[in-house]
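Work through the exercises below with the structure in view. Try each task before reading its solution.

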Amino acid sequence: LKRHSQSSWARARYAMDLTDFLTARATGSYYVRSSCTTACKWGRLKTGWSSRFWNAVGLEELASSDPSGLSAAGIGVDSDIRSPGSPIENGVCPAAAAALGLPDGTPVGVSLIDAHCGGLGMLGAGLASEEAEAEVLKGVPFHERVAMICGSSTCILAASETPICVPRVWGPFWDAMLPNTWLTEGGQSLTGLLLDHIIESHPSGALVKAKAEEDGTNPHDWLSKLLETEIENAANNHLPHPLAEFHVLPYFHGNRHPRADPTLRGAMIGLDLGTGVNDLMIKYGAALFALVYGARHLLEAMVSSGHKLTTIFATGSGAKNSLFVQTLAD
């Protein structure tokens with residue numbers, strides 16, 4: 001914006017993430033910022049903003065105290081950067097209350113990035129019953145849990161009481177999800193969208209969609225059930241695993257972590273002339289397994305750097321796929 005639209009840059013007074021913008025509009029408090037967004041998306045350290053960083057990237061104004069333009073006050077000063085969930089004074093302002101149909105003063109809390117909301121819920125989640133939780137978790141503390149937010153991409157979040165630096169993985173971020181803790185934020189660039197792409201681009205994709213609709217399900221579950229049956233049949237009859245001769249490298253959109261290389265690209269190994277439903281099942285299954293191995297690759301990097309992770313809590317569309325969850329556990 002500064003480089004290509006000087007006039008807009010000159011008029012700018014505030015810079016904020018979407019979640020902070022929503023709380024600003026709701027409360028009229030345009031200076032309050034979340035320690036989640038400022039750490040994870042804006043590069044703020046526990047010790048505060050780094051003027052050396054802003055100067056290096058050509059945004060030296062953001063480290064200044066000049067009130068006439070976009071300055072440190074416009075990106076958030078220490079006194080206005082608060083932990084997620086902290087109350088914002090006076091709550092919903094009259095203008096927002098009228099627009100939303102809410103009472104004036106309805107409480108508003110400092111926000112979280114969307115995936116980090118999921119991470120907060122997962123790291124604090126229990127199981128279906130107290131008995132199940134006691135048996136399975138056995139008092140697993142929060143810093144031994146890892147949250148997987150499985151959507152179009154996957155976010156893998158772990159909290160720790162001390163800062164843990166994982167090479168080429170985002171973080172550690174202070175006070176970014178759980179109060180007074182450090183956050184490591186890993187991820188896979190393309191997960192759910194990769195599986196969508198496998199189906200959409202295959203000659204039998206439309207047929208599988210139609211069959212899934214007939215059966216009252218979705219193409220992902222339909223293909224997964226078909227593959228589970230094939231895997232079971234192969235095991236019972238001492239035959240090779242259905243995916244034994246087909247492999248996918250899932251870097252179709254680069255590798256976010258732990259390689260941190262957006263230039264990497266995907267590959268399929270073992271291609272033949274197949275175009276039918278069985279061929280789609282194999283390609284889909286190989287991509288699904290590849291994504292699980294990618295998650296394992298990232299988790300191994302986190303553990304080797306000092307995280308002690310014993311329990312995975314997964315949510316999102318991927319977590320609804322029984323084959324994905326079982327393969328991840330295996």
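**Exercise 1.** Find how helix H10 and helix H11 pack.

*Solution.* Start with the ranges: H10 covers residues 205-214 and H11 covers residues 219-236. Their axes lie 8 Å apart, at an angle of about 95°. H10 and H11 are therefore roughly perpendicular to each other (65 to 115 degrees counts as such). Next, list the contact residues (heavy atoms within 4.5 Å). H10 brings Val 208, Lys 209, Lys 211 and Ala 212. H11 brings Pro 219, Trp 222 and Leu 223. Last, sort by class: 5 are nonpolar, none polar and 2 charged.

The model is predicted: local features need pLDDT of at least 70, side-chain atom pairs count only at pLDDT 80 or more, and totals for chains, interfaces and linings use all residues. Residues are numbered from 1 along each chain as its sequence is written, and side-chain values use heavy atoms, with hydrogens and water left out.

**Exercise 2.** Place Asn 255 and decide: buried or exposed?

*Solution.* Locate the loop between strand S7 (247-249) and strand S8 (267-269); Asn 255 sits there. Asn 255 has a relative accessible area of 8%. That makes Asn 255 buried (under 20% relative accessible area, with a 1.4 Å probe and protein chains only). Now follow its side chain, which reaches the backbone nitrogen of His 257 at 3.2 Å. Beyond neighbours within four places in sequence, Asn 255 contacts Ser 189, Ala 260, Asp 261, Pro 262 and Leu 264.

**Exercise 3.** Describe the whole protein chain: how many helices and strands are there?

*Solution.* Count 13 helices and 9 strands. Then take the extent: the C-alpha trace spans about 75 × 55 × 45 Å along its principal axes. Of the 330 residues, 44% are buried.

Notes
Axes fitted to C-alpha atoms, helices over the stretch in contact; angles between N-to-C directions. Helix = DSSP H or I, 4+ residues; strand = E, 2+ residues; numbered from the N terminus. Parallel < 35°, antiparallel > 145°, perpendicular 65-115°, else oblique. Nonpolar A, V, L, I, M, F, W, Y, C, P; charged D, E, K, R; others polar. Buried < 20%, exposed > 50% of the residue type's maximum accessible area, 1.4 Å probe, protein only. Polar contact = N/O pair within 3.5 Å; in protein donor to acceptor, adjacent residues only side chain to side chain.
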